[in-house]
Amino acid sequence: MILSEKIEIILFDADDTLWANNIYYLKAIDEFINLITAAGFQRDMVENTFDELEIKVVKERGYGSQNFVFILESLFAEFSGKSKKLIDRANLEKIITQFNLHPIQPPVLFAGVIETLEYLSKKYRLYLLTKGDYTEQQGKIQRAGVLPYFTDYFIPDEKDDTTYKNLLKEMKWKAESTCMVGNSPKSDINPALRNGMYAVFIPYKETWKLDKEPVQSIDGRLVILENFSDLKKIF
């Protein structure tokens, strides 16, 4: 599908669309689970416990690195209290220290991002729409070197149907001439489509599990691409 004649505004997700993000969480989770299982706990049980607490923390406290570290700290205390073997806290500190480097370093952009944004910014108004902790997300956006290509950015606590509905209304954008680009079916693609927008889905192999759900193709307004640079083929 060619969208060049239909679209005026293009919204972009940031994490795992413009740059890698979830891989740092996955690495920390794997190292943490290895630490706990070394004390004699079953891996499946540790993984399930982590998943349950993650869902609870996201609902109650929101997204971001600080809340992720809170999960690690809470589970370490829980399993340490149950363990017959000493679980070395120094190892937990190493995991957290390494993890905490990623939000303060320049994000690792995916191939073709700058060239593609430069191309699109000459033809459309581009905006960033990324959920999470405002200060953390703003810092990543500023360090990524992509701001020159965007008119503005938005950092809501959540990205759901209401987020898109309110944004369209507040910015006075027409849904039928607005397109959302992202990797998350739950946060980027489906809510945009349900609000009458177009959407471009760029699947990422390491998309966060809580952002996964079946993609809804509504009224032929969905385009699926393999790579970010493929956007130049449809715009």
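Leaving aside neighbours within four places in sequence, which residues is Asp-188 in contact with? They are Asp-13, Thr-17, Lys-159, Tyr-164, Met-180, Gly-182 and Asn-183, where contact means heavy atoms within 4.5 Å. Before we go on, a word on the basis: this is a predicted model, in which local features need pLDDT of at least 70 and side-chain atom pairs count only at pLDDT 80 or more, while totals for chains, interfaces and linings use all residues. Residues are numbered from 1 along each chain as its sequence is written, and side-chain values use heavy atoms, with hydrogens and water left out.

**Asp-188 and its surroundings**

Asp-188 sits in helix H8, residues 185–194; helices (H or I, at least four residues) and strands (E, at least two) are DSSP runs, numbered from the N terminus. With a relative accessibility of 1%, Asp-188 counts as buried. Here buried means under 20% relative accessible area, exposed over 50%, and partly exposed in between, using a 1.4 Å probe and protein chains only. A polar atom of the Asp-188 side chain lies 3.2 Å from the backbone nitrogen of Asn-183.

**The chain as a whole**

Nine helices and six strands make up the secondary structure of the protein chain. Its radius of gyration is 19 Å, close to the 18 Å from the globule rule for 235 residues, so the chain is as compact as a globular protein of that length. That radius is taken over C-alpha atoms, and the rule is 2.2 Å times the number of residues to the power 0.38. Along the principal axes, the C-alpha atoms fill a box of roughly 65 × 30 × 30 Å. Of the 235 residues, 51% count as buried. Among contacts with a separation of 6 or more, 71% are between residues 24 or more positions apart.

**The nonpolar cores**

In soluble globular proteins, nonpolar side chains tend to be buried together. A nonpolar core is a set of buried Ala, Val, Leu, Ile, Met, Phe, Trp, Tyr and Cys residues joined through side-chain atoms within 4.5 Å. The largest one here has 31 residues, and Phe-12, Val-200, Leu-231 and Phe-235 touch the most other members. Elements that each supply at least two residues of this core include strand S1 (9–12), helix H5 (113–121), strand S2 (125–129) and helix H9 (231–234). The largest share, three residues, comes from H5. Apart from this core lies another, of 25 residues, including Ala-28, Phe-50, Leu-53 and Phe-79.

What is buried in H5? The buried residues there are Val-113, Thr-116, Leu-117 and Leu-120. They are on the same side of H5 because they cover an arc of only 100° around the axis, the arc being that of the directions from the helix axis to the C-beta atoms. These buried residues pack against S1, S2 and H9.

**Loop residues**

Most residues other than glycine have a negative phi. Two residues here have a positive phi although neither is a glycine:

| Residue | Phi | Loop | Relative accessible area |
|---|---|---|---|
| Lys-172 | about 60° | between helix H7 (161–171) and S4 | 76%, exposed |
| Asp-219 | about 55° | between S5 and strand S6 (222–224) | 67%, exposed |

Gly-145 also lies in a loop, between H6 and strand S3 (152–154). At 39% relative accessibility, Gly-145 counts as partly exposed. The C-alpha atoms of Gly-145 and Ile-114 are separated by 8.6 Å, while the two residues are 31 residues apart along the chain.

Methods:
A polar contact is a pair of N or O atoms within 3.5 Å; within protein, one must be able to donate a hydrogen and the other to accept it, and residues adjacent in sequence count only if both atoms are side-chain atoms.
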